[in-house]
Amino acid sequence: MKLLIVSGSQRMDSQTAKVATYLAKHSVEFEEVSHIELCHYDLPFWDGEQESKYAEASPWTMISHKVRKADALILITPEWGGMASPLLKNFLLMCDNQDTAHKPALLVSVVSGISGAYPIAELRMNALKNNKLVALPDHLIIRNVTEVLNHSHEGVLEEDQREKDLRQRIDYSLHMLHQYSQALTTIRHRHRHEPYPKQQEYCYGM
């Protein structure tokens, strides 16, 4: 199973990337883990035309190849003004549903305070329908992010129960993501070789 982690922060050296690095290190059940930090790439702002994805020097060919090869995705967004990152939403708009359909996605929100629920709700509501990604029922909200996931397991004090609980919840979420990726493999393979009749006619709903 191959895992792709996508960091949606628009800042270099972000807390979002820190969380992605932690998740990558602890995704031990996956055979291969890749991490794309979107702020490192000059992706075009998608205008709805296929050609715009592949403008001169666009990195989309490389990124879409990683999406196509992945069996599961982790989508990480900071919370800005109660919203998900524009970079991440643009990325999801650019994804071809032939590359993303029926692949599980773990949604992760990163926030410096105690909120963080709105980006998850936004992604569930309007970011996953047309690309047919399957969001896990569980998600992660990394609150007070500057204060957590900064040390190894050995560096976590015994009395810091909140940090330990967070790390255990992350381990659980990564395990379930791997389980979903295995379970949906059959659907994806059947989808490629025996597509449901007229499925492309229904890819945008009624």
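Here are three short exercises, with worked solutions, on a predicted model.

**Exercise 1.** Work out how many aromatic pairs there are, and what geometry goes with that count.

*Solution.* Start with the ring centres: a pair needs them within 6.5 Å. That leaves one aromatic pair. The partners are W60 and F91, with 6.0 Å centre to centre and 65° between the planes. Now the angle: planes over 60 degrees apart count as edge-to-face, so W60 and F91 form an edge-to-face pair. Next, place the two residues. W60 is in helix α3 (residues 60-69) and F91 is in helix α4 (residues 86-94), 31 residues apart, so the pair links distant parts of the chain. Last, check the surroundings: both W60 and F91 are buried.

**Exercise 2.** Find which residue lies over the face of W46, and at what distance from the ring centre.

*Solution.* Look above the W46 ring and you'll meet K53. Its distance from the ring centre is 5.2 Å, and the cut-off for a Lys NZ is within 6 Å.

**Exercise 3.** Describe the setting of strand β1 (residues 2-7): is the strand largely enclosed or not, and which strands pair with it?

*Solution.* Begin with burial. Five of the six residues of β1 are buried, so the strand is largely enclosed by the rest of the structure. Then go through the partners. Strand β2 (residues 32-37) runs parallel to β1, joined by six bridges, and S7 stands opposite E37 there. Strand β3 (residues 72-78) also pairs with β1 in the parallel sense, over five bridges, with L4 opposite L73. Finally, trace the connection: β1, helix α1 (residues 15-26) and β2 make up a right-handed β-α-β unit.

Notes:
Residues are numbered from 1 along each chain as its sequence is written. This is a predicted model: local features need pLDDT of at least 70, side-chain atom pairs count only at pLDDT 80 or more; totals for chains, interfaces and linings use all residues. Side-chain values use heavy atoms; hydrogens and water are left out. Rings of Phe, Tyr and Trp (its six-membered ring) pair if their centres lie within 6.5 Å; planes under 30 degrees apart count as stacked, over 60 as edge-to-face and the rest as tilted. Helices (H or I, at least four residues) and strands (E, at least two) are DSSP runs, numbered from the N terminus. Buried means under 20% relative accessible area, exposed over 50%, partly exposed in between (1.4 Å probe, protein chains only). A charge sits over a ring if NZ of Lys or CZ of Arg is within 6 Å of the ring centre and within 35 degrees of the ring normal. Two strands pair if DSSP finds at least two bridges between them. A crossover is right-handed if, with the strands pointing away from the viewer, the path from the first strand over the helix to the second runs clockwise.
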